[in-house]
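The exercises that follow are meant to be worked with the sequence and the model side by side. Please try each task before reading the solution beneath it.

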Amino acid sequence: MIPFSPPHIDDAIVNEVVAALRSGWITTGPRTKLFEQKIAEYCCIKKVLCVNSASAGLELMLHWFGVGPGDEVIVPAYTYTATVEVVVHCGATPVMVDVNPDFLISVENIRKALSPKTKAIMPVDIAGMPCDYEEIMAVVNDEEVRRNFQPANETQERLGRPLVLSDAAHSLGAWYKGKHTGAVADITVFSFHAVKNLTTAEGGAICLALPDNFDAEAIYKQLCAFSLHGQSKDALAKTQVGNWRYDVYECGYKCNMTDIAAAMGLVELDRYDAMILKRRKEIFDAYTQAFGSDDRFQIPEYETADKTSSYHVYALRIRNITEAQRDTIMQRIFEQEVSVNVHFIPLPMLTAYKNMGYNIADYPVSYDNYSREITLPVYYDLTDEQVQQVCNAVKRSL
Ligand SMILES: *Cc1c(COP(=O)(O)O)cnc(C)c1O
C-alpha cells in the first residue's frame with residue numbers, strides 16, 4: 001500500500017533528538033530559541049514564537065488582539081476546522097465566505113462580508129498556495145473600512161483596522177511577490193504537525209510582521225509569557241541561581257514548544273529548500289505531466305507569475321463528475337493499494353457547523369471544489385515508480 005503522507009525520519013533527525021534528550025534540557029530552551037531565529041531569518045522577519053500547534057498559535061493571536069464575544073472574524077468555508085474553531089473558542093462569530101475555483105478565499109467575498117464588527121480576517125493558504133495578500137491588505141486598509149473599524153482596546157487602536165491573521169499551516173516556504181509567506185500578512189501561523197511539509201510531530205510558529213508602529217520584540221516577550229501561563233519567567237530562567245521568584249501577569253495558555261520538537265525542526269529547516277521542497281516539486285511536476293494534457297482532469301495551479309506554492313497538497317479535480325462518482329473513484333484507487341484523500345470537506349457540511357446554522361448551499365464554489373477533488377500522495381520518500389503507480393491507479397479507476 002502506498003501511504004498518503006508518512007514523515008521522513010532519518011539519522012540526522014534521530015541524532016539531534018537524542019542530543020536534545022541527553023542535553024539535560026528537554027522543554028522550551030536553547031533549541032526552541034534557535035529554531036525561532038532560523039524561521040525568522042528564513043522568512044526575513046523580525047520575530048517568531050514557536051508553540052505546540054498552529055491551532056494554539058492562531059488562538060493565542062486572536063486573544064492577543066482582544067477578539068471576543070460580539071466580534072466577527074471572516075474565514076473561508078473551505079478549510080480545516082482548526083481555522084474556525086479558534087474563533088468559536090474566543091466567543092466571537094465566524095463569518096464564513098466562499099472561495100474561488102483556486103481553493104483560496106475570495107477577496108470580493110471578504111469585501112462583502114466586512115462589517116463594523118469585523119476584527120480579523122483569516123486567509124488560509126490551501127495546499128501551500130498563498131492567498132491574494134496584496135488585495136486583502138488593500139481591503140483592510142481601505143479608508144471606509146478604517147473609518148468603520150471600532151477598536152475595543154489599545155492594540156486594536158494601534159492597528160486601526162481589522163487584523164490579517166494568516167493560517168499558513170500548509171505554506172512554509174511558499175513565495176508571494178518576492179516574499180516568503182510569514183512576511184506578507186500582519187501575523188502568519190505555520191503548522192509542524194506530522195502530515196505537514198516540515199514536522200516536529202506537533203508544533204507551530206507565529207510570525208510577526210505587523211506594521212512599524214508595533215514593537216515586535218516587546219510583543220514577542222509578551223507572547224512568550226502568554227504561551228506559558230502568563231508567568232514572568234520560564235522554567236530555564238528559573239534555574240539560574242537565586243532566580244526562583246516569579247509573578248503571573250495574566251491567566252495565560254500552556255502551548256510552548258519543547259526542545260525535543262525544536263531539535264527535529266532545526267534539522268528539517270536546514271535542508272528544507274534543497275531537499276524537501278525540491279522533491280515535492282518534482283512529484284507535483286510528474287503529476288502535472290501525467291494529467292495535464294488529458295481534459296478529464298483539472299490540475300491545480302502551483303506556480304504563477306506572483307506565487308510559488310510550498311507543494312503541500314496536490315489537489316487534482318476530475319471534470320464533470322458528482323460527489324458520489326468521486327467517492328467511487330477514490331474507492332477504486334484504494335483498491336489498487338494507493339492512499340488518497342480529500343482536502344477538505346467544507347465546514348458547512350460538518351455537524352458542528354451545520355448546528356451553528358451554516359448551509360453548504362450558500363457556498364457553491366466550495367462544494368464544487370470539494371465534490372470533484374482527490375488529493376494524491378506527495379512526500380519525500382515517494383519514489384518515481386510509486387508516482388507512476390499512483391497515476392496509473394487514478395486513470396484506471398476513472
Ligand atoms: C493542519 C492544519 C491546521 C492545524 O495545525 P495544527 O498544528 O495541527 O494545530 C490549521 N489549518 C489548516 C488549514 C491545517 O491543514
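**Exercise 1: a covered strand**

Strand S1, which runs over residues 47–51, is mostly covered, since five of its five residues are buried. The model in which this is seen is a predicted one.

Task: Work out which residues of S1 lie on one side and which on the other, and state whether these faces are covered.

Solution. Step one is to recall that the side chains of a regular strand alternate between the two faces of the sheet. Step two is to apply this to S1, where Lys47, Leu49 and Val51 lie on one side, while Val48 and Cys50 lie on the other. Step three is to read the burial of these residues, and since they are all buried, both faces of S1 are covered.

Task: Find how S1 and S9 pair, and which residue of S9 is the bridge partner of Val48.

Solution. Strand S9 comprises residues 204–208, and S1 pairs with S9 in the antiparallel sense over five bridges. Within this pairing, Val48 has Cys207 of S9 as its bridge partner.

**Exercise 2: a small open sheet**

Task: Give the strand order of the open sheet that contains S6, and say which strands stand at its edges.

Solution. The sheet has three strands in the order S7-S6-S11, and the pairing is antiparallel. Strand S7 (179–180) and strand S11 (307–308) each have a single partner strand, so they stand at the edges and one side of each is left without a neighbour in the sheet. Looking at one pairing in detail, strand S6 (residues 175–176) and S7 are joined in the antiparallel sense over two bridges, and Tyr176 stands opposite Lys179 of S7.

**Exercise 3: three buried residues and their contacts**

Task: For Thr32, Leu165 and Arg326, decide whether each is buried or exposed, and list what each touches beyond four places in sequence.

Solution. The cut-off needed here is that a residue counts as buried under 20% relative accessible area.

- Thr32 is found in helix H2, residues 30–43, and its relative accessible area of 1% makes it buried. Apart from residues up to four places away in sequence, Thr32 touches Cys50, Met257, Thr258, Asp259 and Ala262; of these, Cys50 is also one of the buried residues of S1.
- Leu165 is found in strand S5, residues 163–167, and is buried with a relative accessible area of 0%. With neighbours within four places left aside, its contacts are Leu58, Met61, Leu62, Ile121, Met122, Pro123, Ile187 and Val189. By contrast, the C-alpha atom of Arg319, 154 residues away along the chain, is separated from that of Leu165 by 33 Å.
- Arg326 has its place in helix H13, residues 323–335, and counts as buried at 1% relative accessibility. Its contacts, again without residues up to four places away, are Ile321, Val342, Tyr370, Ser371, Arg372, Glu373 and Ile374.

**Exercise 4: backbone geometry in the loops**

Task: Describe the backbone at Ala201, at His229 and at the peptide bond from His343 to Phe344, and locate each in the chain.

Solution. The background is that most residues other than glycine have a negative phi, and that most peptide bonds are trans. Ala201, in the loop between strand S8 (187–191) and S9, has a positive phi, near 75°, and is partly exposed with a relative accessible area of 40%. His229, in the loop between helix H9 (216–226) and helix H10 (235–238), likewise has a positive phi, near 70°, and counts as partly exposed at 39% relative accessibility. The peptide bond from His343 to Phe344 is cis, with omega near 5°, and Phe344 lies in the loop between H13 and helix H14 (351–355).

**Exercise 5: the protein as a whole**

Task: Judge how compact the protein is for its length, and how much of it is buried.

Solution. First, count the elements, which are 16 helices and 13 strands. Next, compare the radius of gyration, 21 Å, with the 21 Å that the globule rule gives for 398 residues; the two are close, so the protein is as compact as a globular protein of that length. Finally, 56% of the 398 residues count as buried, and 71% of the contacts with a separation of 6 or more are between residues 24 or more positions apart.

Methods: Residues numbered from 1 in each chain as written. Predicted model: local features only at pLDDT ≥ 70, side-chain atom pairs only at ≥ 80, totals over all residues. Heavy atoms only, no water. Helix = DSSP H or I, 4+ residues; strand = E, 2+ residues; numbered from the N terminus. Rg over C-alpha atoms; globule rule 2.2 N^0.38 Å. Buried < 20%, exposed > 50% of the residue type's maximum accessible area, 1.4 Å probe, protein only. Contact = heavy atoms within 4.5 Å. Pairing = 2+ DSSP bridges.
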